[in-house]
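Trainee: I would like to take a close look at a single part of this model, namely the salt bridges and the parts of the chain around them. Could you lead me through that part slowly and in a connected way?

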Amino acid sequence: MKWLSNASVDELGNSLIKSYIGEQANNKNFVDIEGFVTDYLKLPVIYRSFAEEDMSKLGFISDGLTPLSVYTDAGKQQIVFPKGTIVIEDYLRREQELGRRRFTIAHEAAHYVIDKSLSAASFRREFDSEKTYSATDLKEIFNIKETNVDRLAGALLMPEFMVRDYLNRGKRSDGIAIYDNGFIRPEDHMFLQWMAANMGASLTALQIRIRELGLYVKKSMNEYLSELGLGKEMVP
């Protein structure tokens, strides 16, 4: 299960969340991702203050062999957590970090699902555009597997059936119109902000998910200008 097509990843996310939620799946509009991990996948989720040199590391799933540097009452320590333990950077527990916390948990859960054998420990990282990365770091961050894992993380947090349900209820069943190089109607942008907040995701994560599902409808900017009645000759 290491390499999955995009369609397979989306269907896997749908199936897992529907299995977790059960009969009420079609009436739910929010995924309790930590509950999914602890109750469905049976993996512990704990929070620690990371002491790794690479501060972009936000989450970790243990292989039972690789140590993680964390701060404890005794100072900085290298700890080997039991296999399958998901460790999340403690500061992500802050209310304002809800979106990043949920995505980080989903990312580590996706690693477990895609690579069930947990042959190697893995970190959830964020790319820092101002940092100088080695070729090895870049290969690790942007490799195909991580892309696969990130897509499944999005599919677990925002399964396709939930995304489409929101769009249907918002009278946008055909998708979100996007004009030329990325312009979105203000009312659609507000709708996406509301949708992201209700799904417990960042707006950026939701926009990526919308794009992955092919739910942006490309249109010419001239169409929008026409809707506003601009660019036409005045009728006397």
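Mentor: What follows begins with the chain as a whole, turns to the salt bridges and their surroundings, and ends with a few other places.

Please keep in mind from the start that this is a predicted model, and that the protein chain averages a pLDDT of 87, with 83% of the residues scoring at least 70. One stretch calls for care, since pLDDT stays under 50 over residues 117–121, for which the model has 12 contacts beyond four places in sequence. The protein chain has nine helices and eight strands, and buried residues make up 45% of its 236 residues. If you take the contacts between residues at least 6 apart in sequence, 64% of them join residues at least 24 apart. As for the outside, the chain exposes about 13000 Å², and carbon and sulfur atoms supply 50% of that area.

Now to the part you asked about. Side chains of opposite charge can pair when their charged atoms come close, and the structure holds 11 salt bridges. One of them joins aspartate 10 to arginine 209, where the closest N and O atoms are 2.9 Å apart. This pair links distant parts of the chain, for aspartate 10 belongs to helix 1 (residues 6–21) and arginine 209 to helix 8 (residues 203–212), with the two positions 199 residues apart in sequence numbering. If you look for these two residues in the model, you will find that both aspartate 10 and arginine 209 are buried.

The pair does not stand alone, because Asp10, Arg151, Arg209 and Glu212 are linked in a network of salt bridges. Within that network, arginine 151 has its place in helix 5 (residues 144–157). Is arginine 151 buried or exposed? With a relative accessible area of 10%, arginine 151 falls under the 20% limit, and therefore it is buried. If you leave aside residues up to four places away in sequence, arginine 151 touches Asn6, Val9, Asp10, Arg209 and Glu212, and three of these names, Asp10, Arg209 and Glu212, appear in the network as well.

Two further salt bridges can be set beside this network. The side chains of lysine 57 and glutamate 52 meet at 3.4 Å, taken from N to O, and both of these residues are buried. The side chains of glutamate 160 and arginine 164 meet in another salt bridge, at 2.8 Å from N to O. Because glutamate 160 and arginine 164 are four residues apart in helix 6 (residues 160–169), they are separated by about one helical turn. Arginine 164 has a relative accessible area of 34%, so it is described as partly exposed.

Helix 6 also has an inward side to consider, since its buried residues are Phe161, Met162, Val163, Tyr166 and Leu167. These buried residues pack against helix 1, strand 7 (176–179), helix 7 (186–199) and helix 8, and you will recall that helix 1 and helix 8 carry aspartate 10 and arginine 209. Just after helix 6, lysine 171 takes a positive phi of about 55 degrees.

From the helices we can pass to the strands. Strand 1 (residues 45–50) pairs with strand 5 (residues 86–89) in the parallel sense over four bridges, and here tyrosine 47 has isoleucine 88 of strand 5 as its bridge partner. Strand 1 also pairs with strand 3 (residues 68–72), this time in the antiparallel sense over two bridges, and phenylalanine 50 stands opposite valine 70 in strand 3.

Two last places may help you to tell inside from outside. Histidine 111 lies in helix 3 (residues 98–114), and because its relative accessibility is 5%, it counts as buried. The C-alpha atoms of histidine 111 and leucine 152 are separated by 8.7 Å, although their positions lie 41 residues apart in sequence numbering. Leucine 228, by contrast, is found in the segment after helix 9 (221–227), and it is partly exposed, with a relative accessible area of 47%. Together with Leu225 and Leu230, Leu228 forms a nonpolar patch on the surface, and the accessible area of the three residues together is about 250 Å².

Methods
Residues are numbered from 1 along each chain as its sequence is written. This is a predicted model: local features need pLDDT of at least 70, side-chain atom pairs count only at pLDDT 80 or more; totals for chains, interfaces and linings use all residues. Side-chain values use heavy atoms; hydrogens and water are left out. pLDDT is the predictor's confidence in each residue, from 0 to 100. Contact means heavy atoms within 4.5 Å. Patches are made of residues with over 30% relative accessible area and no salt bridge: like charges are joined within 9 Å, nonpolar side chains (Val, Leu, Ile, Met, Phe, Trp, Tyr) within 5 Å. Accessible areas come from the Shrake-Rupley method with a 1.4 Å probe; for residues, only the protein chains shown count as cover. A salt bridge is a side-chain nitrogen of Lys or Arg within 4 Å of a carboxyl oxygen of Asp or Glu. Buried means under 20% relative accessible area, exposed over 50%, partly exposed in between (1.4 Å probe, protein chains only). Two strands pair if DSSP finds at least two bridges between them.
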